[in-house]
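Q: Please take a close look at one part of this model. I would like to see how a helix packs.

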Amino acid sequence: MESIPVPSVQSMVAADGGAHVPPRYLRLRDEAVATDGETEIPVIDFQRLQLGHDEEMARLDRACQDWGFFQLINHSVPEDVVDGMKANARGFFELPAETKQQFAQEQGQLDGYGQLFVVSEDQKLDWADILFLNTLPVQNRNFRFWPNKLANFRSALDKYSAAVKSIVDFLLVTVANNLGVDPEVIANKCGTDGIQAVRMNYYPPCVQADKVIGFSPHSDSDLLTLVLQVNEVDGLQIKRNGTWFPVRPLEGAFIVNVGDILQIFTNGRYKSAEHRAVVDTKKERLSIAAFHSPSVHAVIGPLMEMVAHEDEAVYRSIGHDEFMKLFFSSKLEGKSFLDRMKKL
């Protein structure tokens, strides 16, 4: 799970306004991108799910099968909790470069300020800086990397962590019911030590925005990811039928996506979606992603309830710890990691 240290993109932009882009960040981008209004990802009403509306549950089922992405409105996370998390994420990236470096990732660590998935000295780099923190279970928190230069950072993240975890717990119950699986089956995979990690993303503007990538195309490794847009600058795109579709976040909504583990658990019925982040020429973009995974002790493989016979399983089964080591030691390349999980 080792990552090679790279310079802060934010500091490079501050130095010359982003006029010079080092070669390691330059990429060819010639894929088709859909125009605005061409299509929109599904919208799911959380309150209607809580009330047990069959139509809303069916809409969630279709979204997980057909898109792997949806926007979640009318959720139960208090506005002050959301606003507090946004303010602290913004506040961290506004700190002086030397202050942020006090929380820089260390060799072999995921937690901290820097970049992830840098596995060689010559690979192309993302035009972004991140702050990655393990948040659950609580004993996984390494406060060495939790910024103490912002008065409310730790309490804000603690409240946000608990609030989004409750959303995901309910969504997973609904997912299980849609699949015809006892919710306890998935709940037992998570137990009392299900994993949550939060990644705060800062994408500086770039004058050559069409030649860099904010976050490389990939699918998430987890069960479900909740993404919160911090400011008004869009940049998330999802790949569908060979075309990249821009996501326009609704006011107050979470963007939710199916992760690789949920695709594996459902033996491919639900599908994680390849996605990426692009950057703006003039404005910075910030977002916060909360990843939710089973316990480190869980076995990652198709649920017995999803395969009538063992030879119908598309994916192999391995321990979660081994699964995560493989994921974080791999270069991000679309859904190539998930392909490696298929049975030979």
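A: Start with one term: a residue is buried at under 20% relative accessible area, exposed at over 50%, and partly exposed in between (1.4 Å probe, protein chains only). The model is predicted, so local features need pLDDT of at least 70 and side-chain atom pairs pLDDT 80 or more, while totals for chains, interfaces and linings use all residues. Residues are numbered from 1 along each chain as its sequence is written, and side-chain values use heavy atoms, without hydrogens and water.

Take helix α7, residues 183–190 (helices are DSSP runs of H or I, at least four residues; strands are runs of E, at least two; both are numbered from the N terminus). Its buried residues are I186, K189 and C190. They line one face of α7, because they fall within an arc of 100° seen down its axis (the arc of directions from the axis to the C-beta atoms).

What covers that face? The cover on the buried residues of α7 includes helices α6 (153–179) and α8 (260–265). Strands β5 (194–203), β12 (285–295) and β13 (299–300) are also among the covering elements (contact means heavy atoms within 4.5 Å).

Now look at the two ends. At the start of α7, a side-chain oxygen of D182 comes within 2.9 Å of the backbone nitrogen of E184. Just after α7, G191 has a positive phi of about 60°.

Helix α9, residues 320–328, offers a second case. Here H320, F323, M324, F327 and F328 are buried. They sit on the same side of α9, because their arc around the axis is only 115°.

Note on methods. A polar contact is a pair of N or O atoms within 3.5 Å; within protein, one must be able to donate a hydrogen and the other to accept it, and residues adjacent in sequence count only if both atoms are side-chain atoms.
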